[in-house]
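Here is a short tour of a predicted model. Take a look at the structure first, and then we can walk through a helix, an interface and a few strands together.

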Amino acid sequence: MSVLLGPKLALARAAGALSQLRGGGATSVPGKVLMRLQPDAVGLLGSRLVGGSVLISATNGKTTTAAMAAAILEREGVRLVHNRAGANMAGGIASTLLAAAHGRDAIDGELGLFEVDELWLAQLAAQLRPRALLLGNLFRDQLDRYGELETIADSWAGAVRDVLGGDARLVLNADDPVVADLGRERAGAAGDGAAAAGSAQGGSGPVYFGVEDDSLALPHMAHAADAKHCRNCGAPYLFDAVYLGHLGHYRCPSCGQARPEPTVLATDVRLEGVRAARFTLHTPSGKAEVALPLPGLYNVYNALAAAALAHALEVPLAGIVAGLESTRAAFGRAESVMIGAPEHPRELRILLVKNPAGANEVLRTLALEQGEHDLLGVLNDNIADGRDVSWIWDADFELLAGRLRRVTCSGTRAAELAVRLKYAGFEPERIHVQPELAVALSAAQADAPPGGAPLYALPTYTAMLALRELLSAGGQTQSALS
Amino acid sequence: MSTLRVCALYPDLMNIYADRGNLLVLERRCAWRGIGFRLTPCGLGEPLDGEVHDLFYLGGGQDRDQRLCAEDLIATKSEALHAAATRSAVILGVCGGYQLLGRSYELGPGEQLPGVELLAVRTVREDAPRLIGNIAIEVSFGGAGKGVLAGFENHGGRTHLGTDQAPLGRVLKGHGNDGRSGFEGARSGNTIGTYLHGPLLPKNIWFADWLIATALGIHVAELAPLDDALEDQAHSGALHAAGI
């Protein structure tokens, strides 16, 4: 097989190089070419990894969770093949494998760590036969591309049932009813005691993670919450606590289905504005304090997910904590960049927003910071953002009403964002519309408040890429952009 | 001072395309004009009083939720809605809500959701790609003249108008009811169904005002003018996205 594969790898690499010469730069090009030549290339190249592969999927937090897992595993000396830049469909993962492969059957790395797009998970899992699968959350997202949440849940259930080997580890968010339900059958197969007894190594029952901190519970469920009905019987869940979107402590009054007891959990969570979060991490091996250099409860969930995965891969607790504490912000996720003239530097903090649940967490985190803020909102409606911009009306921008000094709205649907903010209660005279991103950035920069408060950028996905490119081209930011 | 009394049907289930935005626009535009605003949610199993609301809103939902609401509408709310329609209250159904205002929605072989039959339309889910994308339609409201509505559509069902059923408008860009007829939505008196979400009202502010005025029983010219510079830009942006 590899005799035939060799020339195809070379051809795909050449196509990638050509695309880069033409300024394409898309990381998925060589992989796409390779898959055209050899549809099962991902499986073939993946089988070169002696440690197998680990897959991570979720609506929100894939890239950050994978970055945290990589930080943990690399400290343990595990050599990874990892789609770090977030190209998470088949082409991107094929490209990542292609870049690491060499010779007839060699590859640079022992373990594949791949974040995977929700819709591609079943297909890629079938090829890669992962030794561990981490499923983090499911929120409504880009309905024009992903369709209904139930459709994705069904496809994930199929992957867990049909593809995941009996000895593979399944890591699930106990607080997300739709995700936790995916472990129902495997938990039964492993015997009732396995998960509850807290032995992640004993048996192949799922490893559940979750938050247990009543001080974080929200007064009511967010408007845009999904998954309010039991997947088992259809009755509405009762929530004893809601932490984030529909994540929380729930039970079904009709069939008795309830949140599984997590073995990896966070207690005593302390959110420190837009910079950091602290919590006590519990695993079956013990408990430890974690000082996470990333903000918000959503990143605590990402850290728990990465910790549960690392625990399932038998990384000791000290290694998990050290890895989490050394994590750096992933591409455009709470990234910090210095902008402006050297004598008047200003911090620009980039907080990716792409769906209501993710945006709400960013807004909630921003609201923790004192004072009035300057905001640069960039709303694009390209395919990768979702053509449908309805979602901004499900995000709770009201959280920042009365808290903003200046708002610059940019992107292909700049005015739509401006209208959203106006109806959220922002004063219209503080809202500036400038679709052109470069102009919007300079305008926001020119009108800086005394004292150099940070500028918060809330871009959608393609807007985030454009913003980073603009900052890199400006030259003043290389040190901050990794 | 007059008050616009709005009833949101199943706001916790039928809200998938940011239907909250439509309700928020009605609320704020009333408040800015000193018009009172009262929002009453009416959910599964709750009785509906058709006499105490001026405008009824029904949004879109996932299949499972839409099934639950279809049964409940017939069982507990159909009569009140018909009474409201008879006295010319405004009834607006968007996407899934539009489908439920019709006669029936055939989800597949052997599965048909009944509708409340306020609009003479029938919806059938075809084994074909969903109709997804930006859309612009031209509508005519007699005295109020012609106007353009822009939004986003995303529906698997194809809706067919009954012989005497008027559409809401004519498709300028996009798919519309069935991707073929060139018609979008349906309208009988003040009962309106449409596939346009995005949401609909923030980017079609003239239509939001038409709904407010009609529900209050006044002419739209009697509403105090507002500064709609941002809303007008959003309308242009939505038209541009649809290719106009």
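## A helix and its cover

Let's begin with α15(A). The cover over its buried residues includes, from chain A, β16 (373-378), β17 (404-410) and β18 (431-433), and from chain B, α1 (20-32) and α5 (229-242). The helix is mostly covered, with ten of its ten residues buried. They are A414(A), A415(A), E416(A), L417(A), A418(A), V419(A), R420(A), L421(A), K422(A) and Y423(A).

If you follow the chain onward, you will find G425(A) just after α15(A), with a positive phi of about 105°.

## Where the chains meet

How many residues of each chain are in contact with the other? On chain A there are 24, and they touch 27 residues of chain B. Three elements of chain A, α7 (143-146), α8 (149-162) and α15 (414-423), each give two or more residues to the side that touches chain B. The largest share, six residues, comes from α15(A), the helix whose ten residues are buried.

Sorted by class, this side of chain A has eleven nonpolar, ten charged and three polar residues.

## Strand partners in chain B

Over in chain B, strand β11 (residues 169-173) pairs with strand β8 (residues 131-140) in the antiparallel sense, over four bridges. Within this pairing, V171(B) of β11(B) stands opposite I137(B).

β11(B) also pairs with strand β12 (residues 183-184) of chain B, again in the antiparallel sense, over two bridges. Here G169(B) has E184(B) in β12(B) as its bridge partner.

Note on methods:
Residues are numbered from 1 along each chain as its sequence is written. Chains are lettered from A and ligands numbered from 1 in the order in which they are written. This is a predicted model: local features need pLDDT of at least 70, side-chain atom pairs count only at pLDDT 80 or more; totals for chains, interfaces and linings use all residues. Two residues are in contact if their C-beta atoms, placed from the backbone, lie within 7 Å. Ala, Val, Leu, Ile, Met, Phe, Trp, Tyr, Cys and Pro count as nonpolar, Asp, Glu, Lys and Arg as charged, and the others, Gly among them, as polar. A residue is buried if 20 or more other C-beta atoms lie within 10 Å of its own, exposed if 12 or fewer, and partly exposed in between; C-beta atoms are placed from the backbone. Two strands pair if DSSP finds at least two bridges between them.
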